[in-house]
Amino acid sequence: MRYRPVSAELQARHAANNAAWVLGAKLDRPDEALAITGAVLSQMEVSDPHLLDTHGWLLLASDQPAKAVLYLERAFAEDPENKQIRTHLLTAYQKSGRKNVPPLSLFGSGLTLEDATKVTMLLLKPTTRSS
């Protein structure tokens, strides 16, 4: 395998994405996480489906499903084979109550509405925080 150098910008983008995910998903600090992903997205010259997905997922976790759909649709358009992005998008469609969802066949094989429902149930499950 040949080593391909990665730009400092790409490394910083991945680090910001990972930090935002940890803040939002693991530390239950979605507002701070959204501030990070929003700032990075506003400064990017090229789009990054992983950052769009994280931002959309954080919006969904913050009970902003309509906004989440916008970011997740962009992420899906850029990386339609990514099962995590597809699942997040289907979950956002379901949570937003959107009726005009594209046919599941557009989301590729191996993903069902049941998958999205399971993710939604996990997302809606109350979390317990220890002090």
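How much surface does the protein expose, and what share of it do carbon and sulfur atoms supply? The exposed area is about 8400 Å², with 56% supplied by carbon and sulfur. The model on screen is predicted.

**Whole chain**

Start with the cartoon view. The protein has six helices and zero strands, so that the pattern along the sequence reads α-α-α-α-α-α. Colour by burial next: of the 131 residues, 35% count as buried. If contacts are drawn between residues at least 6 apart in sequence, 53% of them join residues at least 24 apart.

**Helix 1 against helix 3**

Select residues 8–26, which form helix 1, together with residues 49–61, which form helix 3. The two helices pack at an angle of about 20°, and their axes are 10 Å apart. Helix 1 and helix 3 are therefore roughly parallel to each other, since an angle under 35 degrees counts as such. Helix 1 passes helix 3 in a left-handed crossing.

Now show side chains. On the helix 1 side, pick Arg13, Asn17, Ala20, Trp21 and Gly24; they meet His50, Leu51, Thr54 and Leu58 of helix 3. By class, the residues of this contact are four nonpolar, four polar and one charged.

**Helix 3 against helix 4**

Keep helix 3 selected and add helix 4, residues 65–78. The axes of helix 3 and helix 4 come within 8 Å and cross at roughly 160°. The two are therefore roughly antiparallel to each other, an angle over 145 degrees being the criterion. Their crossing is left-handed.

From helix 3, the residues to display are Pro49, Leu52, Asp53, His55, Gly56, Trp57, Leu59 and Leu60. Their partners in helix 4 are Pro65, Lys67, Ala68, Tyr71, Leu72, Arg74, Ala75 and Glu78. This contact divides into ten nonpolar, two polar and four charged residues.

**Stop at Pro49**

Centre on Pro49, in helix 3. Is Pro49 buried or exposed? Its relative accessibility is 14%, so Pro49 counts as buried, the cut-off being under 20%. Not counting residues up to four places away in sequence, Pro49 touches Ala75, Glu78, Asp79 and Ile85. For a distance check, pick the C-alpha atoms of Pro49 and Arg74: 25 residues apart along the chain, they are separated by 7.2 Å.

**Helix 4 against helix 5**

Hide helix 3 and bring in helix 5, residues 83–96. Helix 4 and helix 5 pack at an angle of about 155°, with axes 9 Å apart. This pair is therefore roughly antiparallel, and helix 4 passes helix 5 in a left-handed crossing.

On helix 4, select Pro65, Ala66, Ala68, Val69, Leu72, Glu73, Ala75 and Phe76. Facing them in helix 5 are Ile85, Arg86, His88, Leu89, Ala92, Tyr93, Lys95 and Ser96. The contact of helix 4 with helix 5 has eleven nonpolar, two polar and three charged residues.

**Stop at His88**

Finish on His88 in helix 5. Why does His88 count as buried? Its relative accessibility is 10%, and the limit for buried is under 20%. Turn helix 3 back on and show what His88 contacts beyond its neighbours within four places in sequence: Asp53, Trp57, Leu60 and Leu72. Of these, Leu72 is among the helix 4 residues that meet helix 5, while Asp53, Trp57 and Leu60 are among the helix 3 residues that meet helix 4.

Definitions and conventions:
Residues numbered from 1 in each chain as written. Predicted model: local features only at pLDDT ≥ 70, side-chain atom pairs only at ≥ 80, totals over all residues. Heavy atoms only, no water. Buried < 20%, exposed > 50% of the residue type's maximum accessible area, 1.4 Å probe, protein only. Contact = heavy atoms within 4.5 Å. Areas by Shrake-Rupley, 256 points an atom, 1.4 Å probe, with all protein chains shown as cover. Axes fitted to C-alpha atoms, helices over the stretch in contact; angles between N-to-C directions. Parallel < 35°, antiparallel > 145°, perpendicular 65-115°, else oblique. Left-handed = near helix turned anticlockwise from the far one by under 90°. Nonpolar A, V, L, I, M, F, W, Y, C, P; charged D, E, K, R; others polar.
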